[in-house]
Amino acid sequence: MMKLLHAADLHIDSPLRGLERYPDAPADLLRGATRRATENLVALARSERVDAVLLAGDVFDGDWRDFETALFFRRQLVALEEAGIPVYLVSGNHDAASQISRTLSYPANVTVFDTLRPQTARPAADAGFVVHGQGYARRDVTENLAVGYPAAIPGLFNIGLLHTALTGRDGHDRYAPCTEQELTALGYDYWALGHVHTREEVSTAPHIVFPGNIQGRHAKEDGPKGCTLITVRPGRTELEHRDLDVVRWARLEVDASGAADLDEVCALAREELDRARAEAGKPLAARIVVVGRSEAHAELWRERERLGAELRALAQDYDDVWLEKVRAATSPPQLATDPAEEGAGAGELVRGILQTARELRADEDSLRKAIEKSDLWGKLPPEARGRDRLDVTDASWCGQLLDEASDLLTALLEEKSA
């Protein structure tokens, strides 16, 4: 039997931009989370006595602020060396040679793959496996690296280590593009991929796996985060996700369909928080979205500030919950979602708003242009726009902005016509 641990996208000391907007955020806990998750990775490798750790890129998060980031990582590698565990590492776009201006020597148990061509690492003769890999020489690798990987070596468990988005994944740049078929053709037993922050088992024959990142860094990286434990037995390979995150980001939907007022919505939110806390078993950074066609709709929108304050006060009753955002996304019970439906109480104007919103939702380019042409967008300072801020190139952010705007406008019109 052989055990391997596959992880990627550690993003140690990721800056977590924007925390200053939240005066009640547990900043120290969130900023230290990537380090604690990395320590959890090392502890798991030692407790499972794995035969190797496979790191598929983006250990770091762009250029280091100081050498302490690298020294921290090196200490973790030394802990693995003391346990006799080899580490195989490829650089990704965030830790490409062109991005990282400083280097430190690694301990002897670490193999860092070449960035100019694929390289094959052969451990001890009795190890039973071999690793093929190539790292990034620069951030923007748009060529297919996989086509240069060698064919599988017969009689060994062949592992391909690669930082790629395959043919593309939402929210991730299309670096080192390749197809599942191209990877399969090389005859490897396991492809240890990185770059995509959501866990995905792309294929089982062979195993092609994105383990996801080891710690969520913001509300869009919600749910369990960790690594993949690979157990190789004669005739079969077993995969198991293992949690490593120390703070769990969660998007919680509170269904207000049966609620008559704001107080009942808050009671439902408490039930949802209780459920999410029990499921996570660790500190929770939550975004609450109140949904459903509800009698409480008008009050929720009229008292949006109170809703946010009530739910934040509720979260303060727990010592391990922080609310990142509260959003009302309900609709009135009498408002038709289909403009063709009869009996919509808000009239033609509201139905027209809903129809326009649907059309913009279906056309990402038109929605982006509409936002860019607005007077308010033009008045924003340059530092407020761009990735990790107000990002008009992020289709999901644009869609959320549209949803909130149409929800607010229809709610106000519905209240006026009531």
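Q: What makes both faces of S7 count as covered?
A: The model is a predicted one. On one side of S7 stand Phe157, Ile159, Leu161 and His163, on the other Asn158, Gly160 and Leu162, and all are buried. Buried requires under 20% relative accessible area. Seven of the seven residues of S7 meet that condition, and the strand is mostly covered.

Q: Which strands does S7 pair with, and in what sense?
A: S6 and S7 are parallel and share five bridges. S7 and S8 also run parallel, again with five bridges. A pair of strands needs at least two bridges, so both count as paired. Leu161 takes part on both sides: Gly133 stands opposite Leu161, and Ala192 in S8 is a bridge partner of Leu161.

Q: Why are strand S5 and strand S9 said to stand at the edges?
A: The sheet is open and has six strands in the order S5-S6-S7-S8-S10-S9, with mixed pairing. S5 (119-121) and S9 (200-204) each have a single partner strand, so one side of each has no neighbour in the sheet. Between neighbouring strands the turn is 20 degrees on average, direction ignored.

Q: How do you know that S9 and strand S10 pair?
A: Four bridges link S9 to S10 (residues 207-210) in the antiparallel sense. The requirement is at least two bridges, so the two strands count as paired. One of the bridges sets Glu200 against Phe210 in S10.

Q: Which strands are the edge strands of the sheet S13-S14-S15?
A: This open sheet has three strands and parallel pairing. S13 and S15 (321-331) each pair on one side only, which makes them the edge strands. The twist from one strand to the next averages 15 degrees. S13 and S14 (residues 284-293) run parallel and are joined by eight bridges.

Q: Why does Ala250 count as buried?
A: Its relative accessibility is 14%. The limit is under 20%, so Ala250 is buried. Ala250 sits in strand S13 (residues 248-255), and its bridge partner in S14 is Ala286. Gly223 is 27 residues from Ala250 in sequence, yet the C-alpha atoms of the two are 5.8 Å apart.

Q: Why is the pair of Tyr88 and Phe129 called edge-to-face?
A: The model has eight aromatic pairs. In this one the ring centres are 6.1 Å apart and the planes stand at 90 degrees. Pairing needs centres within 6.5 Å and edge-to-face needs planes over 60 degrees apart, so the pair meets both conditions. Tyr88 belongs to strand S3 (residues 87-89) and Phe129 to strand S6 (residues 129-133), 41 residues apart. Both residues are buried.

Q: What makes the pair of Tyr149 and Trp191 tilted?
A: The planes are 45 degrees apart, with 5.5 Å from centre to centre. Stacked would need under 30 degrees and edge-to-face over 60, so this pair falls among the rest, called tilted. Tyr149 is in the loop between S6 and S7, Trp191 is in strand S8 (residues 190-194), and 42 residues separate them. Both are buried.

Q: Why is Leu71 called partly exposed?
A: Leu71 has a relative accessible area of 36%. Buried ends at 20% and exposed begins over 50%, so Leu71 falls in between. This residue of helix H3 (residues 67-82) joins Phe67 and Leu104 in a nonpolar surface patch with about 220 Å² of accessible area together.

Q: How do you know that Arg306 and Asp263 meet in a salt bridge?
A: The N to O distance between their side chains is 3.0 Å. The cut-off is 4 Å, so the contact qualifies. Arg306 in helix H7 (residues 304-315) and Asp263 in helix H5 (residues 262-280) are 43 residues apart. Both are partly exposed, Arg306 at 31% and Asp263 at 48%.

Q: Why is Asp317 called exposed?
A: Its relative accessible area is 56%, and exposed means over 50%, so Asp317 qualifies. Its salt-bridge partner Arg270, with closest N and O atoms 2.9 Å apart, is partly exposed at 33%.

Q: Why is Glu324 called buried?
A: Glu324 has a relative accessible area of 7%, under the 20% limit, so it is buried. Glu324 forms a salt bridge with Arg287, at 2.9 Å between the closest N and O atoms. Arg287 is buried too, at 15%.

Note on methods:
Residues numbered from 1 in each chain as written. Predicted model: local features only at pLDDT ≥ 70, side-chain atom pairs only at ≥ 80, totals over all residues. Heavy atoms only, no water. Phe/Tyr/Trp six-rings, centres within 6.5 Å; stacked < 30°, edge-to-face > 60°. Buried < 20%, exposed > 50% of the residue type's maximum accessible area, 1.4 Å probe, protein only. Patch = residues over 30% accessible without salt bridge, like charges linked within 9 Å, V, L, I, M, F, W, Y side chains within 5 Å. Areas by Shrake-Rupley, 256 points an atom, 1.4 Å probe, with all protein chains shown as cover. Axes fitted to C-alpha atoms, helices over the stretch in contact; angles between N-to-C directions.
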